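Work through the exercises below with the sequence and the 3D structure open. Each task is followed by a solution in steps.

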Amino acid sequence: MKSQNELGVPVPANKPLVVRTIKQVTREQREYVLKKTEYSMFSFPADLIFVDFLSDSGSGTMTDFQWAALFHGDESYGRNKGYYVLLDAIRDTFERGDTPNRSINLILSGETDVNKLMDELYVTSFEGGFVNGGTHQLTRPNAFIVPQGRCAEHLLFSTIAPILKQKNKDIINYIPNNGHFDTTEANIVANGIQAVNLFSTNLMDDFPYDEMDKRNPFKGNMDLKGLEDLIKEKGVDSIPLIYVTITNNTAAGQPVSMKNIKEVHKIAKKYDIPFFFDACRFSENANFIKEFEEGYRNRSILSIVQEMFSYVDGFTISFKKDGLANIGGGFFFRDKGVFHKKFSIDEDIGIKLKEKQILTFGNDSYGGMSGRDIMALAAGLYEVVKEPYLYERKIQVREFARKLAQNGIPILLPAGGHAVYIDMDKFFEGTDMKIDDFGGVGFTIELLKHYGIRSVELGPFCFEWDKKTPEQQKGILNLVRLAMPRNVYSASHIDYAVAAITELYHNKEKIPKVKISRGAELRLRHFQTGLQPIYKN
Ligand code: F0G
């Protein structure tokens, strides 16, 4: 008899105990609302949608452990207890590998031994890692809590931009990434720095869907030759940071291999450039490494995460990803590391960052988060590295991809960690749809209008193809993303979506081209502009 793990289907990892009833909206009602909201995916009321694949960001279901932690939230203005719990949860997750402290349990178990609480949580001292503690946190702050990932990006880039000017006002600075996400790129550009995408050269290669369980080509990797060429062409002084996004959301949610991380680390070290992660979805990335990279099969997720982060000088992170929490973000850098050395010019860079954090988000012990959210986030860090959860999530996304591929829909394969991406160039092959007709946007409008399913274009409309130079246009893919919130949808939602997308594919001639009717010049325009689909008669 086969064992439970040999059946070929995952052992269930959870059971939902709260459900929300979906409203039975008609096609005509959605059509009316679409007109009223200028056909913008971001403006359509979520309550009127059947299946919402807009984003996995903050849209997941929390676990009972997280809800329990939330009740311990402390809303004090200075040094709420969750602050200490969260900082130690970050040390546990990113630095301690298989030996976490889990000091969150002191709070959840109602520990009353004051000496123990002082020694293990409130006045204990740490230095040399990503999260200084005790007096080191005061004199050399290196951990900054903020409400979301983009706040961390804003904090980082708006603080270093004037320092770069001060160092050399005549050069243009470039930040390379294996794939900048939209807000990352926008925050870099808003601070006068150029954002360069160095996608893996195999990204658009074909991959058979029936091999998804067997191998993975790590298409999220950074193009290493591209990186060295950029450093040589622009000069070391023009590259303030190297950034690697795990997983690579802009490149179809594809994972980055440990080998690639190590190689980037080597290059960064050779040129003495700080190396950072955009660490959104770090645990999904670690799970890919465990499954597909040689030598990691028997390692725990925590030890893989520990190794991944041992190669970087710092990271920005949205804690809304990976199904971790509904809100939260942060910026962390290695105590006395390359970043600290390079950017502490007249004053400690951590002190400068802390000043800006207080000015813009709130004092360093809450950074714009409520005490309840801080506790739920700290608990979420322990939930998200659990293997049964990661396994089930991976299989769900992979099954979605497999079913679409079996129906002939051109999706990017293998499936990424958090979403399925449709290749819109291939989707519209045989029609007269051109790149600047924004066919991907037309697809999202029709999918929502006819079937009540929301997706998002991550292509020429979102990344502003028409405003870019031919060189920059090469860094834009033409994709539509269906992102999977954590523990929200089941096989029935997926089957409904597969049937709907297949029907649209068979009727692709009827999908409208789309014009921007208002606000084409706006920055981050996909959140803001009005759209007009042009239907053929
Ligand atoms: N970096 C990556 C790779 C992201 O995917 C996101 C957000 C951010 C940074 C910004 O984080 O939303 O907390 O400010 N991505 C979401 C998405 C919005 O739908 O993929 P944030």
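## Exercise 1: the ligand shell

The shell around the ligand holds two nonpolar, nine polar and seven charged residues. The model is a predicted one.

**Task.** Find how many residues surround the ligand, and list the closest.

**Solution.** Step 1: collect every residue with a heavy atom within 4 Å of the ligand. Step 2: the count is 18 residues. Step 3: the closest are Ser55, Arg150, Asp278, Ser318 and Arg481.

## Exercise 2: polar atoms beside the ligand

**Task.** State how far Gly149, Arg150 and Lys321 place an N or O atom from an oxygen atom of the ligand.

**Solution.** Step 1: start with the backbone, where an N or O atom of Gly149 is 2.8 Å from a ligand oxygen. Step 2: turn to the side chain of Arg150, which has a polar atom 2.6 Å from an oxygen atom of the ligand. Step 3: in Lys321, an N or O atom of the side chain lies 3.2 Å from a ligand oxygen. Step 4: compare with the cut-off for a polar contact, a pair of N or O atoms within 3.5 Å.

## Exercise 3: cover and contributing elements

**Task.** Determine what percentage of the ligand's exposed area the protein buries, and which elements give two or more residues to the shell.

**Solution.** Step 1: the ligand taken alone exposes 470 Å², of which the protein buries 95%. Step 2: helix H7 (149-167) and helix H8 (182-190) are the elements that supply two or more shell residues. Step 3: H7 gives the most, with three residues.

## Exercise 4: helix pairs

**Task.** Classify the packing of H7 with H14, H3 with H15, and H18 with H20.

**Solution.** Two packed helices are described by the angle between their axes and the distance between the axes.

Step 1: the axes of H7 and helix H14 (residues 349-360) come within 10 Å and cross at roughly 125 degrees. That angle makes H7 oblique to H14. Their crossing is right-handed.

Step 2: helix H3 (residues 81-95) packs against helix H15 (residues 371-383) at an angle of about 20 degrees, and their axes are 9 Å apart. Angles under 35 degrees count as roughly parallel, and H3 and H15 are therefore roughly parallel to each other. H3 passes H15 in a left-handed crossing.

Step 3: for H18 and helix H20 (residues 491-506), the axes come within 10 Å and cross at roughly 120 degrees. H18 and H20 are therefore oblique to each other. The crossing of H18 and H20 is right-handed.

## Exercise 5: backbone geometry in loops

**Task.** Locate the loops that hold Thr247, Pro414 and Phe438, and describe the backbone there.

**Solution.** Step 1: Thr247 sits in the loop between strand E5 (242-245) and helix H10 (258-271). The peptide bond from Ile246 to Thr247 is cis, and its omega is near -15 degrees.

Step 2: Pro414 belongs to the loop between helix H16 (387-406) and strand E9 (419-423). Leu413 and Pro414 are joined by a cis peptide bond with omega about -5 degrees.

Step 3: Phe438 is in the loop between helix H17 (424-427) and helix H18 (439-451). Its phi is near 50 degrees, a positive value in a residue other than glycine.

How values were computed: Residues are numbered from 1 along each chain as its sequence is written. This is a predicted model: local features need pLDDT of at least 70, side-chain atom pairs count only at pLDDT 80 or more; totals for chains, interfaces and linings use all residues. Side-chain values use heavy atoms; hydrogens and water are left out. A polar contact is a pair of N or O atoms within 3.5 Å; within protein, one must be able to donate a hydrogen and the other to accept it, and residues adjacent in sequence count only if both atoms are side-chain atoms. Accessible areas come from the Shrake-Rupley method with a 1.4 Å probe; for residues, only the protein chains shown count as cover. Helices (H or I, at least four residues) and strands (E, at least two) are DSSP runs, numbered from the N terminus. Ala, Val, Leu, Ile, Met, Phe, Trp, Tyr, Cys and Pro count as nonpolar, Asp, Glu, Lys and Arg as charged, and the others, Gly among them, as polar. Axes are lines fitted to C-alpha atoms, for helices over the stretch in contact, and angles run from 0 to 180 degrees between N-to-C directions. Angles under 35 degrees count as roughly parallel, over 145 as roughly antiparallel, 65 to 115 as roughly perpendicular and the rest as oblique. A crossing is left-handed if the near helix is turned anticlockwise from the far one by less than a right angle, and right-handed if clockwise.
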